[in-house]
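Morning, everyone. Please bring up the structure on your screens, and we will walk through it together.

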Amino acid sequence: MVVKTKWGTKKQAEKSSKFWNDKADTTEEVKAKKEEPKPKAVTIEDVGKWLMTTESPNGTSCILLYGSDGTGKSGLSQSTPLRGKGKMVIFDLDRSNMPIWEAYHNCDPNIIIKDPVVMGFDEDGNYTIDYMSTMNRIKASLIWVKDNHEKHKIKVIVLDGLNKLLKYAEYQMRIDANLQVDGGVSMRYWIRRSKAFMEILEVLKGLPVHKIYVAHEDFQVKEGEAAAAVKANTNQLMDVKCFLERKDYDDQIEFYGTVDKHKSNSAFEGKEIKFMTVDKKTGQSTWNSDEMWSILGWRPEVAKTKTKKK
């Protein structure tokens, strides 16, 4: 039986440029491309100036918090002293930050929580998530922050929900390639997914503000264990990584963070810090993240001094 699509048979469709959203150039398109201004050539002089320009430390942190659900990741992010008297913007893909903000931060207007998810109608008339528009909104917002962070006193950006962002990138990849959600995928499509995901993380990494990424425990890459390339690349991007967990005892629950990586001070690696205790009998909790943030946000004094002089 020959399966037909609007591009012909399945075999023909797979060879069709339209199938891959890459339409063949028409005469008008070719003409337009010829009229487009060519990118400026990089001269040897330009390269020399770039190479010999001394980089100044911006004194910012790039931190990954990961752990299972309910281990204090979002709460720890909101409690960071890194923002000082400035603003923190949280891209809340997991939609988990609002209750914490209301209960423990008295709806502080300097903690700005944004749900970046864009909804819309698909070609079948279903109201659903527009994955591409969601990712573009996040990326465009980060570019805006780069140009406006000083004016609006933005000190910290939190990207909460790396697992969901990675899923959105996968769903968009499947839509573009006309693949079923549960169908097999060749390596070239996984590369597309990883590229869309990593581009957002890279844009955020380049901002001159403190960066906090929040993910589930499957983003933890353990030494000697195989890991998906996209998750390994995410780990490599970070300056500091901290694994969060909760330990359940007879009379109380204790919350801990273990530093897995610290580029600025390797002496912190492996250190376990308790930041919250919940009494099971009374239901009262004791929160103290000062020690945790004194380690996660630690920077060399030389970086702090040069940043202030700028």
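Start with Lys153. It sits in the loop between helix H6, residues 131-148, and strand E8. Keep in mind that this is a predicted model. What is the phi of Lys153 near? The value is near 55°, so positive, in a residue other than glycine. Most residues other than glycine have a negative phi. Is Lys153 buried or exposed? Lys153 counts as exposed, because its relative accessibility is 54% and the cut-off is over 50%.

Now a second residue with a positive phi. Arg95 has a phi of about 55°, and Arg95 is not a glycine either. Find Arg95 in the loop between strand E4 and helix H5, residues 98-104. Arg95 is exposed too, with a relative accessible area of 52%.

Follow the chain from Lys153 into strand E8. Strand E8 covers residues 154-160. How many of the seven residues of E8 are buried? Six of them are, so the strand is largely enclosed by the rest of the structure.

Look at the partners of E8. Strand E4, residues 87-92, runs parallel to E8, and six bridges join the two. One pair to click on: Val89 has Ile157 in E8 as its bridge partner. Then take E9. E8 and E9 are also paired in the parallel sense, over five bridges. Here Asp160 has Val214 of E9 as its bridge partner.

Zoom out to the sheet. Nine strands make up an open sheet with mixed pairing. Read the order across: E5-E4-E8-E9-E3-E10-E11-E12-E13. Which strands stand at the edges? They are E5, residues 111-114, and E13, residues 285-287. Each has a single partner strand, so one side of each is left without a neighbour in the sheet. From one strand to the next, the twist averages 20°.

I said mixed, so here is an antiparallel pair. Strand E10 spans residues 240-248, and strand E11 spans residues 252-262. They pair in the antiparallel sense over nine bridges. Within that pairing, Phe243 has Thr258 in E11 as its bridge partner. One general point while we look at strands. In a regular strand, side chains alternate between the two faces of the sheet.

Next, the helices on the sheet. Helix H9, residues 229-237, packs on the sheet and touches E3, E9, E10 and E11. The direction of H9 makes about 135° with that of E3. Helix H7, residues 162-176, lies across E3, E8 and E9. H7 runs at about 75° to E9.

Now turn to the surface. Which residues form a nonpolar patch there? Val42, Val47, Trp50, Leu51 and Met52 do, with about 600 Å² of accessible area together. Pick out Leu51. Leu51 belongs to helix H3, residues 44-52. Leu51 is exposed, at 53% relative accessible area.

Last, the whole chain. It has 11 helices and 13 strands. Of its 310 residues, 39% count as buried. About 19,100 Å² is exposed by the chain, and carbon and sulfur atoms supply 51% of that. Finally, contacts. Take those with a separation of 6 or more. Residues 24 or more positions apart account for 61% of them.

That is the tour. Questions, please.

Note on methods:
Residues numbered from 1 in each chain as written. Predicted model: local features only at pLDDT ≥ 70, side-chain atom pairs only at ≥ 80, totals over all residues. Heavy atoms only, no water. Pairing = 2+ DSSP bridges. Helix = DSSP H or I, 4+ residues; strand = E, 2+ residues; numbered from the N terminus. Axes fitted to C-alpha atoms, helices over the stretch in contact; angles between N-to-C directions. Contact = heavy atoms within 4.5 Å. Patch = residues over 30% accessible without salt bridge, like charges linked within 9 Å, V, L, I, M, F, W, Y side chains within 5 Å. Areas by Shrake-Rupley, 256 points an atom, 1.4 Å probe, with all protein chains shown as cover. Salt bridge = Lys/Arg side-chain N within 4 Å of Asp/Glu carboxyl O. Buried < 20%, exposed > 50% of the residue type's maximum accessible area, 1.4 Å probe, protein only.
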